[in-house]
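Hi everyone, thanks for coming. Let's take a few minutes to look at one structure together.

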Amino acid sequence: MSAPVMVGMKLPDVDVWSERVVVALGQNPGVFTGPGTNTYLIGTGPQRILLDTGEGRPEYLDVLERACARAGITGLQEIVLTHGHPDHMGGVRGVLERFGPLRVSKLGWPGNDERYELELTPIGDGARLSTPGATLRAVHAPGHAQDHLCFVLEEEGSLFSGDNVLGVGTTVIPAHGGDLLDYLRSLERLLAESPGAIYPAHGPRIADGKSKILEYLAHRREREAQILEALGQGLTRIPDMVRRIYASYPEALHGAAAMSVASHLRKLEREGRVAREGAELLAAHWRLA
Ligand SMILES: [Zn+2]
């Protein structure tokens, strides 16, 4: 899920992004998913790991079969999920029905995962998943979602970033399950992996992963500075800050912008740098602490 700025971008349904990475598009384009969710076939053998499954569009299953045929793949070894949002996990059931029973691994998210009624194998930070030609190492990266795992592809020094770093647009920090402070710490952690290429969950391959992460960190720092400046000038409510900071953006994006400002303020609140009066984020009055 990304901020809604990716509408209209198109990617091929099936593409080969490295000798170890084939991408099959989830067929779920939209305001928050851009061209749709990238699902990845990883490895070099006849059976490969499938990373993420899209949201469950029936036409995706044909695309996945075409991706397998193109890479000479006879079947799937197992399914691994970056996190439990519907545009990543919603397609699991359909894939199992088409490809037969497979192990499905993810970091557990109690209260979220149950709705999918799937048998899940729990994995966590540092878990390794191997297939001929590829070794994935899980890195816990909460912030966009608390159960989010990214995966380093050790043979390439590349990174499957899920929704933490995107090919286009910026990551949304949802009010439910999202946390900006955690997210920024996760970006620092991913930066420490010094990734070469990044394979994001939405949008095209990113050739220089490290630069992209630095860009994300700089963008968030700049936004925070603007919010602190607005508070310093006496703006106390989120809608007023949005009107000031996002003056050059179409008003249709102000709802998403308000979510972003709210996540920054919650982070600053956790750090003891701002205080608020009022429980409801958008209605509350905020001030510098
Ligand atoms: Zn997501």
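Before we start on a helix, one term: a polar contact is a pair of N or O atoms within 3.5 Å; within protein, one must be able to donate a hydrogen and the other to accept it, and residues adjacent in sequence count only if both atoms are side-chain atoms. This is a predicted model, where local features need pLDDT of at least 70, side-chain atom pairs count only at pLDDT 80 or more, and totals for chains, interfaces and linings use all residues. Residues are numbered from 1 along each chain as its sequence is written, and side-chain values use heavy atoms, with hydrogens and water left out.

Now to helix α4 (helices are DSSP runs of H or I, at least four residues, and strands are runs of E, at least two, numbered from the N terminus). Asp 179 caps the N-terminal end of α4, with a side-chain oxygen 3.0 Å from the backbone nitrogen of Leu 181. After α4 comes Ser 194, with a positive phi near 45°. Several residues of α4 are buried, including Leu 180, Tyr 183 and Leu 187; buried means under 20% relative accessible area, with a 1.4 Å probe and protein chains only.

Next, the zinc ion. Which residues are its protein donors? They are His 83 (NE2), His 85 (ND1), His 144 (NE2) and Asp 163 (OD), lying 2.2 Å from the zinc ion. Donors here are N, O and S atoms within 2.8 Å of the metal (3.2 Å for Na, K and Ca); water is not among the atoms, so sites may look incomplete. In sequence, the spacing of the donor residues is H-x1-H-x58-H-x18-D. His 83 and His 85 are both buried.

Technical notes: Buried < 20%, exposed > 50% of the residue type's maximum accessible area, 1.4 Å probe, protein only.
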